Amino acid sequence: MNSTAPLLKASRLHIGYNKGKKEEKVLAGPLELAIHAGQLICLLGPNGAGKSTLIRTLAGLQPAISGTVETGGKNINRLHPKERAKRLSMVLTGRVEAGNLNAYSVIALGRFPYTNWLGAMQPDDLKIVQWAMQTTDTTSYADRKMIELSDGESQKVMLARALVQDTPVIILDEPTAHLDLPNRISLMRLLHQLAKATGKGILLSTHDLDLALQSADEVWLQRNDGQFTIGAPEDIVLNGTFEAAFHKEGFAFDKNSGTFIIHNNVGKPIRLEGEGAAFFWTKRALLREGFAVTDEAAAGIQIIESGNTLQWKYNNETHNTIAALLAQLRTHYGIH
Ligand SMILES: Nc1ncnc2c1ncn2[C@@H]1O[C@H](COP(=O)(O)OP(=O)(O)OP(=O)(O)O)[C@@H](O)[C@H]1O
């Protein structure tokens, strides 16, 4: 339990769409939510669960069906837009219509709650813009027009813009959507470090489940049936809630490795002796080929590791690659 006052708090919140009394569509609720200083929270859930709806409601961009959202002790919907912009910044998915503006101008616009009516920047404003650009690795395309940037570059610019807004709360809707894997990892690491170093409270929705499980202090898990669970990533994995939220026929979540297994473990039993990375990747290859790796099987593969050399032994034949081992297994078991 966190005893300090939350930076953002939702009470008895019902989210959804209301097109007149008869057309009420409640996606989740009642929700009791809190974002505390220094927390990185990941909002996870399958397509259509209502993540974007929740994010927009928390940011005051769409009305709640009922309940309240408060920041700094005030109802978010009653804050003057400039006051709200000092409390909370948003990064949304999708391309930004920024006309002919260059990346620097878009980022600098994030200072608008603090600059005077002429938009004049003071030295401190310039310093924070520079810091945000370095932090997000956007300095090299400062002069390029937004329209000329890739989706991933544009996403990073919007993050930099949120950083220069310098708010206690940052909310991001699928910030990793357009990024390649190294950029996804560095973004999650950056957000985690930022929360810890600056005491900001950060909420983001994502479909990058494994990255979220590794970096979130807390997970908000939203299901398609309206159920909502809050917990430490490890707790929701161990108690089965995580797997249940993403359940689909044909694949399973492996609690031991923290990954989804594409291939069902229902094939021919085979024993595998070895350890470390070689064991992990050999097991993966065997699962893909339709084997079930188990200590109970009579026939076994032995991984022989000496110095930097790896070999795989099966039925008195020795191979230097997994590909060669699989070829022998296919012949042996008549797999095509
Ligand atoms: N303006 C709207 N009016 C009515 N229903 C809507 C509206 N916008 C979205 N919905 C519905 O609300 C549900 C939740 O949508 P939402 O976009 O919040 O889900 P999500 O979890 O963010 O999905 P995804 O992972 O696919 O982005 C969906 O069934 C969607 O069709």
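**Group meeting talk: a walk through a predicted model**

Let's begin at the ligand, where strand 2 (24-35) and helix 1 (51-58) each give at least two residues to the surrounding shell. Before I go on, please keep in mind that this is a predicted model. Helix 1 makes the largest contribution to that shell, with 3 residues. If you want to find the whole set on your screen, look for Tyr17, Lys25, Leu27, Gly45, Asn47, Gly48, Ala49, Gly50, Lys51, Ser52 and Thr53. By character, the shell residues are 3 nonpolar, 6 polar and 2 charged.

Now let's zoom out. The protein has 336 residues, and 32% of them are buried. Its secondary structure adds up to 11 helices and 17 strands, and the C-alpha trace spans about 80 × 50 × 40 Å along the principal axes. For those of you who like contact statistics: take the contacts between residues at least 6 apart in sequence, and 64% of them link residues at least 24 apart.

What about the inside? The largest nonpolar core contains 64 residues, and Ile41, Leu43, Ile107 and Ile171 have the most contacts within it. Helix 5 (residues 151-165) provides the largest share of this core, 7 residues. There is also a second, separate core of 8 residues, with Leu286, Phe291, Trp312 and Leu325 among them. Back in the largest core, which residues does Ile107 touch, leaving out those up to four places away in sequence? They are Val129, Ala132, Met133, Val157, Ala160, Arg161 and Val164.

Next, a sheet. Here we have an open sheet of 5 strands, in the order 14-13-15-16-17, and the pairing is mixed. Strand 14 (291-293) and strand 17 (317-319) are the edges, each pairing on one side only. On average, neighbouring strands in this sheet are turned by 30° against each other, ignoring direction. As a reminder, strands of a sheet pair through backbone hydrogen bonds, in either a parallel or an antiparallel way. Strand 16 (residues 309-314) and strand 17 are an antiparallel pair with 3 bridges, and in that pair Lys313 sits opposite Thr318 of strand 17. Packed on the sheet is helix 11 (residues 322-333), which touches strand 13 (268-273), strand 15 (300-306), strand 16 and strand 17. The direction of helix 11 makes about 5° with that of strand 16.

For a smaller motif, have a look at strand 9 (residues 218-222) and strand 10 (residues 228-231), which pair in the antiparallel sense over 4 bridges. Together they make a hairpin with 5 residues between the two strands. Gly226, in the turn, has a positive phi of about 90°. Val219 is opposite Gly231 in strand 10.

One last stop: Asp210, which belongs to helix 7 (residues 209-215). Is Asp210 buried or exposed? Asp210 counts as exposed because it has 11 other C-beta atoms within 10 Å, and the cut-off for exposed is 12 or fewer. Still, Asp210 does have partners from elsewhere in the sequence: beyond its neighbours within four places, it contacts Gly258 and Thr259. Asp210 and Phe260 are 50 residues apart in sequence, with a C-alpha to C-alpha separation of 9.0 Å.

That's my tour, from the ligand shell to Asp210. Thanks for listening, everyone!

Key
Residues are numbered from 1 along each chain as its sequence is written. This is a predicted model: local features need pLDDT of at least 70, side-chain atom pairs count only at pLDDT 80 or more; totals for chains, interfaces and linings use all residues. A residue is near a molecule or strand if its C-beta atom, placed from the backbone, lies within 6 Å of it. Ala, Val, Leu, Ile, Met, Phe, Trp, Tyr, Cys and Pro count as nonpolar, Asp, Glu, Lys and Arg as charged, and the others, Gly among them, as polar. Two strands pair if DSSP finds at least two bridges between them. A residue is buried if 20 or more other C-beta atoms lie within 10 Å of its own, exposed if 12 or fewer, and partly exposed in between; C-beta atoms are placed from the backbone. Two residues are in contact if their C-beta atoms, placed from the backbone, lie within 7 Å. A nonpolar core is a set of buried Ala, Val, Leu, Ile, Met, Phe, Trp, Tyr and Cys residues joined through C-beta atoms within 7 Å. Axes are lines fitted to C-alpha atoms, for helices over the stretch in contact, and angles run from 0 to 180 degrees between N-to-C directions.
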